[in-house]
Amino acid sequence: MVTVPGPREVPVVTPRATRQVRSVPYQRADQVSTAGAEALGRAGTALVELTNRMDDQRIENEIVDVEMRQRKEIDALTATFERDTEFETFEQRFSEAAGEITARNLESLSSQRARNLWQRRASETTYRAQQAISNLSRQRGVEMARAGLITNLQTAEAALQDDNSTPEARVLAMQAIEGQLATAQARGILAADDAAERLVRARNTALEFERTRGLRAQAQEYEDRIWTESGGNLAVAQEMARELEPLMRDTVMDRVEARHSQRERARESSTQAAM
């Protein structure tokens, strides 16, 4: 017969805890922790920034390409005016042609943002070229006016030295020179020192002509007297000419010798005609 142990006879075993069990709240599979959400947000922001930077670079590359094309076409347009003579319409024609170039290049850009950014650069490029054309137009105008002025001055100076000009004509020629030089200086066609130099030269030309004409008239008187008193004898005429003052001596000597040579040629021609 089996005897069942009583409660006092069964040993009691007390369990010992080997590790601490923590209570973790339940988390569904479709829920994301706060740290994960922040990381995901940062990744999204970085992706957006990268996309923006790539877009900015694409636009910049496009703008640089169009800008180089714009500069090349504007430079080529500017060069055509170097050979152009119709300077009065330089600025208008350049403005129209440059506007067409700008509109064409602007249209080639792929976005409104790129167009807005490039327009400011295009305006600067076109403005600098427009200033260069304006300066060229003024320069050509000055050159044209200067050329006309010089032609008029030369005509007036020729009148000052023309033996056939009357005293009144020479006075008017000098007045014309003085007036044109003063106007040209006031308009910036001639510098002040250039105008002054030309005026002095014109006045010296007039004085020299009067002096030379007076000397010629005096030399003519000496020549006629010596030729008559020498009886047309060259040796005697030369001797008489040597007694003149130095200013007249060589001139009268040359005139006497030329008169003698002219008479001898006339004699030879008469002799040959008679034979």
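# Exercises on a predicted helical model

L207 has its place in helix α5; helices (H or I, at least four residues) and strands (E, at least two) are DSSP runs, numbered from the N terminus. This is a predicted model, in which local features need pLDDT of at least 70, side-chain atom pairs count only at pLDDT 80 or more, and totals for chains, interfaces and linings use all residues. Residues are numbered from 1 along each chain as its sequence is written, and side-chain values use heavy atoms, with hydrogens and water left out.

## Exercise 1. L207 and the overall architecture

Task: State whether L207 is buried or exposed, and describe the secondary structure of the protein.

Solution.

Step 1. Apply the accessibility classes: buried means under 20% relative accessible area, exposed over 50%, and partly exposed in between (1.4 Å probe, protein chains only). L207 has a relative accessible area of 60% and is therefore exposed.

Step 2. Relate L207 to L160: the two are 47 residues apart in sequence, while their C-alpha atoms are 9.2 Å apart in space.

Step 3. Turn to the whole protein. It has seven helices and zero strands, giving the pattern α-α-α-α-α-α-α along the sequence. Of its 275 residues, 27% count as buried.

Step 4. Consider contacts, where contact means heavy atoms within 4.5 Å. Among those between residues at least 6 apart in sequence, 65% join residues at least 24 apart.

## Exercise 2. The aromatic cluster

Task: Determine how many aromatic pairs there are, and which residues form one aromatic cluster.

Solution.

Step 1. Set the rule: rings of Phe, Tyr and Trp (its six-membered ring) pair if their centres lie within 6.5 Å; planes under 30 degrees apart count as stacked, over 60 as edge-to-face and the rest as tilted. The count by this rule is two aromatic pairs.

Step 2. Examine F81 with F90. The centres are 5.2 Å apart and the planes lie at 75 degrees, an edge-to-face pair. F81 is buried at a relative accessible area of 4%, and F90 is buried at 0%.

Step 3. Examine F81 with F94. Their ring centres are 6.2 Å apart and their planes stand at 65 degrees, so this pair is edge-to-face. Because F81 lies in the loop between α1 (34–80) and α2 (90–107) and F94 lies in helix α2, the pair ties together parts that are 13 residues apart in sequence. F81 and F94 are both buried.

Step 4. Combine the residues: F81, F90 and F94 form one aromatic cluster.

## Exercise 3. Two helix packings

Task: Classify the packing of α3 with α4 and that of α5 with α7.

Solution.

Step 1. Two packed helices are described by the angle between their axes and the distance between the axes. Axes are lines fitted to C-alpha atoms, for helices over the stretch in contact, and angles run from 0 to 180 degrees between N-to-C directions. Angles under 35 degrees count as roughly parallel, over 145 as roughly antiparallel, 65 to 115 as roughly perpendicular and the rest as oblique.

Step 2. Helix α3 (residues 112–160) and helix α4 (residues 167–186) pack at about 155 degrees, with axes 8 Å apart. The two helices are therefore roughly antiparallel to each other.

Step 3. The crossing of α3 and α4 is left-handed; a crossing is left-handed if the near helix is turned anticlockwise from the far one by less than a right angle, and right-handed if clockwise. Residues making the contact include L149, L153 and L160 of α3 and M174, I177 and L181 of α4. By class, the contact of α3 with α4 has ten nonpolar, two polar and two charged residues (Ala, Val, Leu, Ile, Met, Phe, Trp, Tyr, Cys and Pro count as nonpolar, Asp, Glu, Lys and Arg as charged, and the others, Gly among them, as polar).

Step 4. The axes of helix α5 (residues 192–229) and helix α7 (residues 246–274) come within 9 Å and cross at roughly 55 degrees, which means that α5 is oblique to α7. Their crossing is right-handed.

Step 5. The contact of α5 with α7 comprises nine nonpolar, four polar and five charged residues. Among its members are W227 in α5 and H260 in α7.

## Exercise 4. Two buried residues

Task: Identify the contacts of H260 and of L109, leaving aside neighbours within four places in sequence.

Solution.

Step 1. H260, in helix α7, counts as buried at 18% relative accessibility. H260 is in contact with W227 and L234.

Step 2. L109, in the loop between α2 and α3, counts as buried at 2% relative accessibility. L109 is in contact with E62, I63, V66, A114, R115 and W118. L109 and E62 are 47 residues apart in sequence and 7.1 Å apart in space, C-alpha to C-alpha.
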